[in-house]
Amino acid sequence: MNEPDKTTGRRTRPEGEGPFAAGAARASGERRRRVGTPLITSTDPVEVSPARRTAADRPPRSAQSAPAPSEPAPEPTTTPAKESRPPATARPTRSSRSTPSHRTPPSRGASTRSAPVRSTSPRAGASARQAEGRPGVQRPTPGAAGRPERTEAGAPTPARPSRARMRSQAAGSGDRAKLRSVPPLESARPEPEQAAAARSGSLPSAALATAAAQVTGTAEKLVTKLLEATDTSTSIRPRPAEIVELGVNVLRAALTGAGLPADQIEREIAGTLAYVRRRLTGEVDVDEFGFDEDYTLHIHLPLLRPLYQRWFRVEVQGVENIPATGGALVVANHSGTIALDSLLTQVAVHDEHPQHRHLRMLGADLVFSTPFLGMMARRSGSTLAANSDAERLLGKGELVGVWPEGFKGVGKPFSERYKLQRFGRGGFVAAALRSRVPIVPCSIVGAEETYPIIGNMPAVARLLGVPYVPITPTFPWLGLLGLVPLPSKWLIEFGAPIDTGSLGPEAADDPMVVFDLTDQVRETIQQTLYSLLMQRTSVFV
């Protein structure tokens, strides 16, 4: 055994050892010191994890071909672990590097030959694995299909599967276990004779076939029931006479609810049936402005009569002031948020006049640009508020109605009720002067209370492209129910006609004559409104 020098304190090399063996021994001792020395010096036992303990216990791959050591290893110099385990063996190395002078010299008993050196350090296995990456050491590689390959020394090395493959195998086994634990559907539960198929793995196909058959049978039954319920054979198909009888009963019930007498109900039903026959045969007469008298008499006016007679209870005065024949211009005030006053004036002229004349109304551009509303207005006799159209109608001897206030009168607030707005530039007066027809002033009381305007929403009006969006006591608070007009009491009076024939057609080009005549018509209507308000005892009576 090597003894330390008493003068220098260093171990002396025995005789016969060469410099190559001494360098190898120093290198082996340096590796043991690096791996076995803890970061913090302590006298407590060192705890080793099970993974590192297993790595340390595993013998090196080249242990079978390595020569036996010439002499036993020295006693361990580090603190032993708590558990007893077989010592690990370090791999031989070919390194011939010299150890610096400040590092610890190789331990006692180091062999002069390149034999494996035993170490009791818990990290000896890790140092052995690190040594596999050093030059001069051949690592085993797995062969095809995961079979182990032999190293140069001939020792077989088992091929270890990758971590990704191990995870996929574990996940597959977990999915198979979940699928086995899920019970089959009630409709697809296998019968006893299908137990063998279930054990053999063919149960999903059999279950899907059973479920598909059940769904198909249910669909066939459902389609059969629908076909039976919608059978349109001649035995159960309603005949045309039955359809007509149903329509007549519905119309009779509606007219009875409106309060019409029995004889008038039968006349209305007969007229409606005749109207349907003419529509089916194409016997329709329409003038150049789109006025359909047949539609107006049997559809338009009957729909407005319940409002005229029952809801607003309209009273008409001065209807004798309307000429029995020839053209005339009826000028009225405009109010009520929605232009119901013009529609009910049309009903009043037709129903109350002895000659049952039709009032051809002049409407704004917005009316005729609105879908469906414009078509209905044309068919009921309305036309665009233009001097050319007004003069053509008056020249044909028609009774023309105009509301000069326009949207300014319809959309004014309730605080300004029955105060006439400006009558425009007097275009209606010029048309009457050129046509040499009288002007009949008309005053309407009651329309202001149908939709009292207490506010306005100009932003919404601009968004919708309309002149105004009103706020009333019922709209928009009650939704569509707020569109129902209040049942106010209406009074309509036709004043004495104003003659324009004595002035001549050339007076239409004189602005002063047009202005004076316009102001006269406006003052007449305003004074008549005040008089009617004095006659009305209550708004709703």
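How many bridges join strand 5 to strand 13, and do the two strands run parallel or antiparallel? In this predicted model, strand 5, which covers residues 315–317, is joined to strand 13, which covers residues 491–494, by three bridges, and the two run parallel. Within this pairing, the residue of strand 13 that Q317 stands opposite is E493.

Strand 13 also pairs with strand 10, which is formed by residues 439–445, and here the sense is antiparallel, with four bridges between the two. In that second pairing, I444 is set opposite I492 of strand 13. Strand 13 thus takes part in a parallel pairing with strand 5 and in an antiparallel pairing with strand 10. In a regular strand, side chains alternate between the two faces of the sheet.

The backbone was next examined for unusual torsions. Most residues other than glycine have a negative phi, and most peptide bonds are trans. Against that background, the peptide bond that leads from F475 to P476 is cis, its omega being near 5°. P476 belongs to the loop that connects strand 12, residues 470–471, with strand 13.

Positive phi values are found at two residues that are not glycine, H356 and Y418. For H356, phi is near 50°, and the residue is placed in the loop between helix 10, which spans 340–352, and strand 7, which spans 359–363. The relative accessible area of H356 is 43%, and because this value falls between the limits of 20% and 50%, H356 is classed as partly exposed. For Y418, phi is about 60°, and the residue is located in the loop that links helix 14, residues 407–410, to helix 15, residues 427–435. Y418 has a relative accessible area of 5%, and it is therefore counted as buried, the criterion being a value under 20%.

At the level of the whole chain, the secondary structure comprises 17 helices and 13 strands. Of the 541 residues in the chain, 32% are buried, and Y418 is one of the buried residues. Among the contacts in the chain with a separation of 6 or more, 75% are between residues that are 24 or more positions apart. The area exposed by the chain is about 33600 Å², of which carbon and sulfur atoms supply 58%.

Conventions
Residues are numbered from 1 along each chain as its sequence is written. This is a predicted model: local features need pLDDT of at least 70, side-chain atom pairs count only at pLDDT 80 or more; totals for chains, interfaces and linings use all residues. Side-chain values use heavy atoms; hydrogens and water are left out. Two strands pair if DSSP finds at least two bridges between them. Buried means under 20% relative accessible area, exposed over 50%, partly exposed in between (1.4 Å probe, protein chains only). Contact means heavy atoms within 4.5 Å. Accessible areas come from the Shrake-Rupley method with a 1.4 Å probe; for residues, only the protein chains shown count as cover.
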